[in-house]
Amino acid sequence: MRTYGLLAWTWLRAAAQYPASMLLLGLATAMVAALDLAGIALLFAHTPRIAGFTAEEVLFLYGTSAMSFAIADTLLGGTERLGEHVRRGTLDTMLVRPVSPLIQIAAEEFTPRRMAKLLPPAAVLAVVLPRLPVEWTPGRIAMVPVMLVSGVVIFAAIWVLTASVQFVVIEVHPATKSITYGGAFLTQYPMTLYAREFVRGMTFVIPLAFVNWQPGLYVLDRPDPLGLPEALRLASPAVAVLLSAVAATAWRAGLRHYRSTGS
Amino acid sequence: MIEVRDVRKTFTVRSGRLRRRRTMVRAVDGVSFTVREGEFVGYLGSNGAGKSTTIKMLTGILTPTSGSVRVAGLDPARRRTALARRIGVVFGQRTTLWWDLPLRDSLTLIRHLYRVDPVEHRRRLEELTELLDLGPFLGTPVRQLSLGQRMRGDLAAALLHAPPLLVLDEPTIGLDVVSKATVRGFLERLNAEHGTTILLTTHDLGDIERLCRRVMIIDRGRLAYDGDLERLRTSVAADRMLVVDLARPAPPVQLDGIGVERVDGPRQWLRVPRGMNAAAVVAALARRYEIADIALREPDIEEVVTRLYRTSGAFGAE
């Protein structure tokens, strides 16, 4: 962790050599991130409810998911470039240092730009949370940070999982993007918007439903439209831990099968 | 320091677009050797002979398919991170430094990564700065350094944690004559004064001649030779070359058992087979010609290696 901070700080300083570029890129990132928000606004301009959810509720789902994703992306987004490192052979230089290559890659090119993604969801949550039509019991209050942290861990595990695949199949970067970024996009809307089988897949295969949907139902005090057991609503932390274990195993297996490049 | 026992590494290579065929390539095929503390070993081989694969197994980057490897008392594949603290690695073709940072900051970061004590670090850095003459460009971002400067920076980075073993993969590749000399001189001192064990792969036979007492040659995944440089020269019975400057230009000299390799004005290159007394040849020559100057050249390693390849059939009819 200390090493990660150190590396990130170093990259930050490297990026700070071009302050104007850093600022503009940060601004651009924040604006692109805010576009998702514009999409939601556009929908609610035509209808008061989406799939039975009010604007506040959808924004709550958006805010928690986007926040979790932005944090995971800030911390681990660099791993999507693993394939590039494998191809160029630069992973070798990371492997001869006494620090996990995962930390080195994750921290690589750490820029404040990634953090700019945090701004729109943070603003949305600040506005929406006090307006949600729910009774704030201690359980619900506690659930908000719990779901955010679980969401971060789930997204982070997905980053690591998709990176692990790149040890073996180098050219999968675009495909993995559809899982990481696609997953982030999907979870911004109520799951009832999607087909039933698809939601089951998101619950039990790639457990994106646990980022914000299941715990969100708990906070919003809603019955599950798909009729899944209520216990699932509290399962996010367990799912996060489980998925992390799977990701760690995959990463280690990937590293073992790493073949390096010629000379 | 290094112990390699019957190590193999096989890669499966897929070929063909539609019908994928899998072929097994044996990059390293049963290699064994031991490197003792304080040795300076050159590791030679043509492209694709298995040099880099061996180095990668020694540093824990690749896991051997079979056989055992022990480096600095550790199994590299299992204890890669622990091993990294005990060895220094330099890849000639890629830098371990941070592109946008000044060299000094890169080295400070390395101190943190290796958890070197700050006082110890300052002492080492001072010493390395002096030996490698880093002073003039410590504050320059790495991307602005020349290749020679960058290589010196990389050497410093690999040695800041005072590893007892240094592994170099093509450290002089692409360097100009002056930088090469600096790097070689530094490695020589490091080995002699600090007793650092050094294993170096290279294409540049000059590196080997200048630095290594012991040479290992790998060919198609197998060790073709392991021993000292002198014995390599004699064992492949490479001929010595007698370079004679005659007083005036002459047709190729006629001496029993001596072939003339080249004639350039008054200078002639005579091939003296192993086992023939060079002094006798010179004496016979002096009786019949007026000689201005004379020099006897030991076969250079290039020739020796080519011969070795030829006898082991590596290059067929070259």
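Q: Let's start with one residue. Where is the place of B:Ser32 in chain B?
A: B:Ser32 sits in strand β2 of chain B, which covers residues 21-35. Please keep in mind as we go that this is a predicted model.

Q: How do I read its accessibility: is B:Ser32 buried, exposed or partly exposed?
A: The general idea is a scale with two cut-offs: under 20% relative accessible area is buried, over 50% is exposed, and the range in between is partly exposed. B:Ser32 has a relative accessible area of 36%, so this serine is partly exposed.

Q: Which residues is B:Ser32 in contact with, leaving aside its neighbours within four places in sequence?
A: For contacts, look for heavy atoms within 4.5 Å. With those sequence neighbours set aside, B:Ser32 is in contact with B:Val4, B:Arg5, B:Asp6 and B:Leu223. One polar detail deserves a look: the B:Ser32 side chain comes to 2.7 Å from the backbone nitrogen of B:Asp6. You can also compare sequence with space: B:Ser68 is 36 residues away from B:Ser32 along the chain, and their C-alpha atoms are 9.1 Å apart.

Q: B:Asp6 has a side chain of its own. Which residues is B:Asp6 linked with in a network of salt bridges?
A: Here you look for a side-chain nitrogen of Lys or Arg within 4 Å of a carboxyl oxygen of Asp or Glu. B:Asp6 belongs to a network of salt bridges together with B:Arg8, B:Arg26, B:Asp29 and B:Arg222. Over all chains, the structure holds 27 salt bridges.

Q: How should I read a single pair, such as B:Arg36 and B:Glu39: what is the N to O distance?
A: Their side chains meet in a salt bridge with an N to O distance of 3.8 Å. Then check each partner's surroundings. B:Arg36 is exposed at a relative accessible area of 54%, while B:Glu39 counts as buried at 14%. Try the pair B:Arg78 and B:Asp75 next: the salt bridge there has an N to O distance of 3.7 Å. B:Arg78 counts as exposed at 73% relative accessibility, and B:Asp75 as partly exposed at 25%.

Q: What about chain A: which residue forms a salt bridge with A:Lys117?
A: The partner is A:Asp73, with the closest N and O atoms 2.7 Å apart. A:Lys117 is in the loop between α7 (112-116) and α8 (119-128) of chain A, and A:Asp73 is in helix α3 (residues 55-76) of chain A, so the bridge ties together parts that are 44 residues apart in sequence. Both A:Lys117 and A:Asp73 are buried.

Q: How do I read the interface: how many residues of chain B are in contact with chain A?
A: Begin with the residue counts: 29 residues of chain B are in contact with 29 residues of chain A. Next comes area: about 2,800 Å² is buried between the two chains, and carbon and sulfur atoms give 57% of that. Of the area that chain B buries against chain A, 23% comes from B:Arg80, B:Arg94 and B:Leu113, more than from any other three residues.

Q: And how many salt bridges does the rule find across the interface of chain B and chain A?
A: The rule finds two. The side chains of B:Arg94 and A:Asp92 meet in a salt bridge, 3.6 Å from N to O. Three residue pairs are in polar contact across the interface. By class, the side of chain B that touches chain A has twelve nonpolar, nine polar and eight charged residues.

Q: Now a helix: how many of the residues of α1(B) are buried?
A: Eight of its eight residues are buried, so to read this helix you apply the under 20% cut-off residue by residue. The buried residues include B:Lys51, B:Thr54, B:Ile55 and B:Leu58. After α1(B) comes B:Gly60, with a positive phi near 85°.

Q: Where else can I find a positive phi, and is B:Glu170 buried or exposed?
A: Outside glycine, B:Glu170 has a positive phi near 55°. B:Glu170 lies in the loop between β6 (165-169) and α6 (177-194) of chain B and is buried, at a relative accessible area of 7%. B:Arg115 also has a positive phi, near 50°. B:Arg115 is in the loop between α3 and α4 (118-132) of chain B and counts as exposed, at 55% relative accessibility.

Key:
Residues are numbered from 1 along each chain as its sequence is written. Chains are lettered from A and ligands numbered from 1 in the order in which they are written. This is a predicted model: local features need pLDDT of at least 70, side-chain atom pairs count only at pLDDT 80 or more; totals for chains, interfaces and linings use all residues. Side-chain values use heavy atoms; hydrogens and water are left out. Buried area is the accessible area (1.4 Å probe) that two parts lose on being put together, summed over both. A polar contact is a pair of N or O atoms within 3.5 Å; within protein, one must be able to donate a hydrogen and the other to accept it, and residues adjacent in sequence count only if both atoms are side-chain atoms. Ala, Val, Leu, Ile, Met, Phe, Trp, Tyr, Cys and Pro count as nonpolar, Asp, Glu, Lys and Arg as charged, and the others, Gly among them, as polar. Helices (H or I, at least four residues) and strands (E, at least two) are DSSP runs, numbered from the N terminus. Buried means under 20% relative accessible area, exposed over 50%, partly exposed in between (1.4 Å probe, protein chains only).
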